[in-house]
Amino acid sequence: MMLSWGPLKGRIHPAGWSFITLGAGLSILFLFVWPVVGVLALVLTLGCAAFFRDPERVGPKSTQAIVSPADGVLVDICHAKPPAEVGRYREGNWVRLSIFLSLFDAHVTRMPQKGRVLMTTYHKGQFFNASLDKASQKNERNTVVLEAEGTTMMITQIAGLIARRIVCDVSIGDQVMRGQAFGIIRFGSRVDVYLPDDVEIFVQKGQKMVSGETVLAKRA
């Protein structure tokens, strides 16, 4: 289903419909028996719809461009090893770009490049504030390892203080397109991207990211 009003412009991710349907039902009920609560429930339902929006995005023309997998603010760029659970894929030198998603950002996560999924792995962890650096190693997370024309990269969906549910819709062997939605993190979170350290970085800390559009880097 497509929506076209302001912050609700775009599709709604399937993971959001149960929340939206419940909220709409409660809103209608309370509007008749307790109008003030009904209005509040309606506002929360609209906010929920905005949270689960999956807006249309137009990527760059360059096939070498690696795009942001998430909306939000780039809170860190550093050299770091990927999560331990990816095993042999940790070998080599990596640059980690960390994006913090507030409650007001669209939480659909997208593929940074066209390629093939080599691995998906889930790690049960804690729920520290996703804006903290330790969230990358301590929090609950799901990592996707992607091979893009000979270049390996990783996308880690990280649950935050409020987020308690990670959805990943791809499996090993799937062929994916750049900008393709592959999952969602419910209610405030973080996404880390691990790239080989020989890529050319085009973004800086504090910059606003737009998933599927902002060019993070280009392959060497």
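Which element of the chain has the lowest mean pLDDT, and which the highest?

**Figure 1. Confidence along the chain.** This is a predicted model, so let's begin with how confident the predictor is in each part. Strand 1 (residues 2-3) has the lowest mean pLDDT among the elements, at 44, while strand 12 (residues 175-176) has the highest, at 97. Over the whole chain the average pLDDT is 85, and 88% of the residues score at least 70. Residues 1-8 are a stretch to read with their scores in mind: pLDDT stays under 50 there, and the model has 17 contacts beyond four places in sequence for these residues.

**Figure 2. A nonpolar patch on the surface.** Here we look at a nonpolar surface patch of about 1,200 Å². Leu 22, Leu 26, Ile 28, Leu 29, Leu 31, Phe 32, Val 33, Trp 34, Val 36, Val 39 and Val 43 make up the patch. Two elements, helix 1 (17-33) and helix 2 (35-51), each give two or more residues to the patch. Helix 1 gives the most, with seven residues. Val 36 lies in helix 2 and has a relative accessible area of 65%, so this residue is exposed. As background, nonpolar side chains in soluble globular proteins tend to be buried together.

**Figure 3. The largest nonpolar core and its second, separate companion.** The largest nonpolar core has 28 residues, and those touching the most other members are Leu 97, Met 111, Val 144, Ile 155, Val 170, Leu 195 and Leu 216. Strand 6, strand 9 (141-148), strand 10 (151-159), strand 13 (181-185), strand 14 (189-196) and strand 17 (215-218) each give two or more residues to this core. Strand 6 has the largest share, four residues. Zooming in on Leu 195, we find that it touches Ile 66, Asn 93, Trp 94, Val 95, Leu 97, Met 153 and Ala 217, leaving aside residues up to four places away in sequence. A second, separate core has eight residues, including Ile 12, Ile 20, Ala 49 and Ile 184.

**Figure 4. A salt bridge between strand 5 and strand 6.** The whole structure holds six salt bridges, and one of them pairs Asp 76 with Arg 96. Their closest N and O atoms are 3.3 Å apart. Asp 76 sits in strand 5 and Arg 96 in strand 6, so the pair links parts of the chain that are 20 residues apart. Relative accessibility is 17% for Asp 76, so this residue counts as buried. Arg 96, at 4%, counts as buried too.

**Figure 5. A salt bridge from strand 16 to a loop.** Lys 208 forms a salt bridge with Asp 105, with the closest N and O atoms 2.6 Å apart. Lys 208 is in strand 16 (residues 208-209), and Asp 105 is in the loop between strand 6 and strand 7 (108-110), 103 residues apart. How exposed or buried is each partner? Lys 208 counts as partly exposed, at 45% relative accessibility, whereas Asp 105 counts as buried, at 8%.

**Figure 6. A buried pair, Asp 192 and Arg 190.** In this salt bridge the closest N and O atoms of Asp 192 and Arg 190 are 3.2 Å apart. Asp 192 is buried, with a relative accessible area of 0%, and Arg 190 is buried at 1%.

**Figure 7. The loop around Gly 92.** Gly 92 is found in the loop between strand 5 (72-79) and strand 6 (94-101). This glycine is partly exposed, with a relative accessible area of 40%. Its C-alpha atom is separated by 10.0 Å from that of Pro 82, ten residues apart along the chain.

Definitions and conventions. Residues numbered from 1 in each chain as written. Predicted model: local features only at pLDDT ≥ 70, side-chain atom pairs only at ≥ 80, totals over all residues. Heavy atoms only, no water. Patch = residues over 30% accessible without salt bridge, like charges linked within 9 Å, V, L, I, M, F, W, Y side chains within 5 Å. Areas by Shrake-Rupley, 256 points an atom, 1.4 Å probe, with all protein chains shown as cover. Salt bridge = Lys/Arg side-chain N within 4 Å of Asp/Glu carboxyl O. Buried < 20%, exposed > 50% of the residue type's maximum accessible area, 1.4 Å probe, protein only. Core = buried A, V, L, I, M, F, W, Y, C linked by side-chain atoms within 4.5 Å. Contact = heavy atoms within 4.5 Å. pLDDT = per-residue confidence, 0-100.
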